[in-house]
Amino acid sequence: QASLGDMATAGQTFRQIYLEADRDKDTSNLLTSLGNLGSLKGMTGDLDSAYYFLSRAALIARKINLTDEYINLSNVDAERGHYKTAINRLDTTYVVATELKSTENLAKVQKERASLHARFNDFKQAYTYLLAFIELNNQYLSEEKVKAVTEMMEKYESEKKARQIQQLELDKLDATLKTERITNTRNRYLY
C-alpha cells in the first residue's frame, strides 16, 4: 500500500498490526509494526512521529539485542539535523554489536557511519568507516560460507547414518526371514 502511494491505508494497516501484536504480546510483529510506522512517517516527512515510533521500536529491540532499529533511529536523527545525536547513537549501536559479537551488525553500523560522515562532508572519516565495513562484511560473508558448509556436512553425516541404520534394519529383516525359512523347511521335514 505504501509502495503504491496510499500512505493513509498503509498507516491504518500498520496501526492494526501494532494493536494486534500488542494485544497478543507478539514482540516480533510489534517491533515490525513500529518500525514500519516510523518508516512511513519518515517517508511522509513527519520526522517527529517517525522518531517517536522508531524510539519505541528501539526500546523493544534493545531488550532482544537487535541493532537495526537503532540504525534507523540514527537516520531519523540525521534527517532532523541532530548530527551529534546520530553519531552517538551509531557509536552506542557499535558497542552493542561488539558485545553481541555480531559481525553482520558491526558491518551494518560501519556502513551507516560511513554514509553519515559522507553526508556531512567528513570524507576522511567516511573512508575509514567504509574500509572497516568492507573488512567486516567480507568476514561476515566468510563466516556465513563456513556455516553453510558445516550445516551441509552435518546434514550429509546425518543422512549417511540414517542410511546405515536403514541398511542394518534391512539386514536384520533379511536374517529373520532366512531363519524363518530354515525353521519352516526343517519343520516340514520333521512333519
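Which residue forms a salt bridge with aspartate 174? The partner is lysine 178, and the closest N and O atoms of this pair are 3.7 Å apart. Keep in mind while browsing these close-ups that the model is predicted.

**View 1. Aspartate 174 and lysine 178 pair up within helix H7.** Both residues sit in helix H7, and four residues separate them, which is about one turn of the helix. Aspartate 174 is partly exposed, since its relative accessible area is 36%. Lysine 178 is partly exposed too, with a value of 44%. As for the chemistry, side chains of opposite charge can pair when their charged atoms come close.

**View 2. Lysine 108 meets glutamate 104 in helix H6.** Here the side chains of lysine 108 and glutamate 104 form a salt bridge, with an N to O distance of 3.9 Å. Helix H6 covers residues 103-119, and the two partners lie four residues apart in it, about one turn of the helix. How accessible are they? Lysine 108 comes out at 28% relative accessibility, so it counts as partly exposed. Glutamate 104 has a relative accessible area of 32% and is also partly exposed.

**View 3. Aspartate 48 and arginine 80 join distant parts of the chain.** Their side chains make a salt bridge of 3.1 Å, N to O. This pair is 32 residues apart: aspartate 48 belongs to helix H3, while arginine 80 is in the loop between H4 and helix H5 (83-100). Aspartate 48 is exposed, at 54% relative accessible area, whereas arginine 80 is partly exposed, at 29%. If you'd like the overall tally, the count of salt bridges comes to seven.

**View 4. Serine 49 sits in helix H3.** That helix takes in residues 47-63. Is serine 49 buried, exposed or partly exposed? With a relative accessibility of 22%, it counts as partly exposed, because buried would mean under 20%. Look for serine 39 as well: it is ten residues from serine 49 in sequence, and the C-alpha to C-alpha distance between them is 9.6 Å.

**View 5. Serine 74 is a buried residue of helix H4.** Helix H4 consists of residues 68-79. Serine 74 has a relative accessible area of 1%, so it is buried. Which residues does serine 74 touch, leaving aside those up to four places away in sequence? The answer is Ala86, Arg89, Leu90 and Leu116.

**View 6. Four residues make a nonpolar patch on the surface.** They are Tyr127, Leu130, Leu131 and Ile134, and the patch has an area of about 380 Å². To get your bearings, start at tyrosine 127, which is found in helix H7, residues 123-190. Tyrosine 127 is exposed, as its relative accessible area is 52%.

**View 7. Glutamates gather in a patch of negative charge.** This surface patch brings together Glu143, Glu144, Glu151 and Glu154. One of them, glutamate 151, has its place in helix H7. Its relative accessibility of 45% makes glutamate 151 partly exposed. Helix H7 also holds the aspartate 174 and lysine 178 pair from the opening view.

Key. Residues are numbered from 1 along each chain as its sequence is written. This is a predicted model: local features need pLDDT of at least 70, side-chain atom pairs count only at pLDDT 80 or more; totals for chains, interfaces and linings use all residues. Side-chain values use heavy atoms; hydrogens and water are left out. Patches are made of residues with over 30% relative accessible area and no salt bridge: like charges are joined within 9 Å, nonpolar side chains (Val, Leu, Ile, Met, Phe, Trp, Tyr) within 5 Å. Accessible areas come from the Shrake-Rupley method with a 1.4 Å probe; for residues, only the protein chains shown count as cover. Helices (H or I, at least four residues) and strands (E, at least two) are DSSP runs, numbered from the N terminus. Buried means under 20% relative accessible area, exposed over 50%, partly exposed in between (1.4 Å probe, protein chains only). Contact means heavy atoms within 4.5 Å. Lys and Arg count as positive and Asp and Glu as negative; His and the chain ends are not counted. The place of a charge is taken as NZ of Lys, CZ of Arg, CG of Asp or CD of Glu.
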